[in-house]
Amino acid sequence: MADGTESPRLSPSPPGAAAGAPPGSGPASGEDAYLERRTLRRGSAGPLLLTGLGVAYVVSGDFSGWNFGLAEGGFGGLAIAAVLMGLMYTCMVFALAELAAILPTAGGGYGFARRALGTWGGFLTGTAILIEYVLAPAAISIFIGDYVESLGLFGLESGWPVYLACFVIFIGIHLWGVGEALRFSLIVTAVAVAALLIFAFGALTDFHSGSLDDIPVDHSALGSSSWLPFGLLGIWSAFPFGMWFFLGVEGVPLAAEETRDPARTLPKAMAWSVGILLVLALLTFLAATGARGAHAVQGAGNPLVEALQPDGHATTLSRIVNYAGLAGLVASFFSLIYAGSRQLFALSRAGYLPRFLSLTSRRKAPYLGLLVPGALGFALAAATGDGARMLNVAVFGATISYALMSLSHIVLRRREPGLHRPYRTPGGVLTSSVAFVLACSALVATFLVDKDAAFIALGVYAVALAYFALYSRHRLVAAAPEEEFAALAEAEAELSRD
């Protein structure tokens, strides 16, 4: 094809096959055989499991990480940043719900951008998503190690044996099967969410509004006040930390090929997920800062526990929340492994990455798509031990994908207004435009927080783009669902011009 897309170069169609014969009426063609070895288990997930998956991606961010934004913007700065990032994610989720209903495949954001922005747009989006979902689990495995050590579990210390155990155990559950994996994720997520609600109830009983703005004011900063101790620029610097309340929820469409009735189920699950996360963010943020003070929790590795023990002595409630924090980390680690494997599976199946990575097992699990990123994540965790830096790199990749996915919604609405849309985004292009502008702002904000992480992500991007430009873009698989969907649009455009 003109854009470099090709059918997989496997066995040719069987001789004597009747032209126009219905699928399954004879021996498998080369394309059929190729895709048969790359199929996921259909119908494994319903609305409840998908809603749990959306919350699981994010829930660890409620237990830690967001509070470092207090050191960038103070209570007011982080509050404004969290509201804006909550608006961005809400708008983006509704835009993605429409796109997922149109194209319910494992490609998710890559598939949406492929149709709207071409092969380069698809690859740029898919690679950004992959950066997020490969590095975030590596970072979280380090945080799990820190929790295990602080809780004194089995006398273990944070280090490579704990990281390895995380990857081996939880990838093993994924290899067992997607239904089992999502049910496990739902149970662990329910424990973490229940603990957050218990925490909020306990902390709000000791709420003091005067504790919210107790960070010393930098009077040299433009627009500084007790609510904005680092001035107006502090709001922008707090964007990446405001994202921690929601980072990852956009991964729900990656489960499309394993969902029952995805055109109906995905939009519902995504809306419920983001609604739950908005409520949890509000409760967690207000309860933690109001109970202990913004200054006390701004640098805490475990801000919720810090908020519950102002005198430094553990209580029954703080111990419960501490153990639940480990459950939240496990839920996010587990679900992010799932998301990364599905994005890698889709990019590989379509030929953007080496095709062997999309092979599936007898239980319809993309085993290499799980094992290869897992091995990479473990190596990064064991070699660096720098979870914060890896998360910042993941955030950089995420913001790029958000901008491109929002742009994809805008382009498809403008270019193909007559496209069948089982679900339509409330507000249409205005909604996705808000998400696009805020995503671009968040992308720039990552340079304010961690320039090194941003440049590391750009370096990874450069290597990936060189691979695509010089090799894989000439070897794409036309039979992959996302490529067929885009090819259909191109054919229709040619017919309309004729």
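**Exercise 1. Work out how α5 and α6 are oriented to each other.**

Step 1: get the geometry. In this predicted model, helix α5 (residues 109-151) packs with helix α6 (residues 160-176) at an angle of about 120 degrees, and their axes are 9 Å apart. Helices here are DSSP runs (H or I, at least four residues), numbered from the N terminus. The axes are lines fitted to C-alpha atoms over the stretch in contact, and angles run from 0 to 180 degrees between N-to-C directions.

Step 2: put it in a class. Angles under 35 degrees count as roughly parallel, over 145 as roughly antiparallel, 65 to 115 as roughly perpendicular and the rest as oblique. So α5 and α6 are oblique to each other.

Step 3: add the hand. The crossing of α5 and α6 is right-handed (the near helix is turned clockwise from the far one by less than a right angle; anticlockwise would be left-handed).

Step 4: see who touches whom. From α5, P137, A138, S141, I142, I144, G145 and V148 meet V162, Y163, C166 and F167 of α6, where contact means heavy atoms within 4.5 Å. By class, that contact has nine nonpolar, two polar and no charged residues (Ala, Val, Leu, Ile, Met, Phe, Trp, Tyr, Cys and Pro count as nonpolar, Asp, Glu, Lys and Arg as charged, and the others, Gly among them, as polar).

A quick note on the ground rules: residues are numbered from 1 along each chain as its sequence is written, and side-chain values use heavy atoms, with hydrogens and water left out. Local features need pLDDT of at least 70 and side-chain atom pairs count only at pLDDT 80 or more, while totals for chains, interfaces and linings use all residues.

**Exercise 2. Do the same for α4 and α15.**

Step 1: helix α4 (residues 70-102) packs with helix α15 (residues 387-415) at an angle of about 50 degrees, axes 10 Å apart. That makes α4 oblique to α15.

Step 2: α4 passes α15 in a left-handed crossing.

Step 3: M88, Y89, M92, A95, L96, E98 and L99 in α4 meet Y402, M405, S406, H409, L412 and R413 in α15. These residues divide into nine nonpolar, two polar and two charged.

Step 4: look at another α15 residue, S408. S408 is buried, at a relative accessible area of 0% (buried is under 20%, exposed over 50%, partly exposed in between, with a 1.4 Å probe and protein chains only). Leaving out residues up to four places away in sequence, S408 touches F112, A113, A116 and L117.

**Exercise 3. Describe the aromatic pairs that F170 forms with F184 and with F334.**

Step 1: the whole structure has 23 aromatic pairs (ring centres within 6.5 Å, using the six-membered ring of Trp; planes under 30 degrees apart are stacked, over 60 edge-to-face and the rest tilted).

Step 2: F170 and F184 make a tilted pair, 6.0 Å centre to centre with 40 degrees between the planes. F170 sits in helix α6 and F184 in helix α7 (residues 178-204), 14 residues apart. F184 is partly exposed, at 27% relative accessibility.

Step 3: F170 and F334 are edge-to-face, 5.9 Å centre to centre with 85 degrees between the planes. F334 belongs to helix α13 (residues 316-349), 164 residues from F170. Both F170 and F334 are buried.

**Exercise 4. Characterise the backbone at D261 and K364.**

Step 1: most residues other than glycine have a negative phi.

Step 2: D261 has a positive phi near 50 degrees, and its place is the loop between α9 (239-242) and α10 (262-292). D261 is partly exposed at 43%.

Step 3: K364 has a positive phi of about 65 degrees, in the loop between α13 and α14 (367-384). K364 is partly exposed, with a relative accessible area of 25%.

Notes. Helix = DSSP H or I, 4+ residues; strand = E, 2+ residues; numbered from the N terminus.
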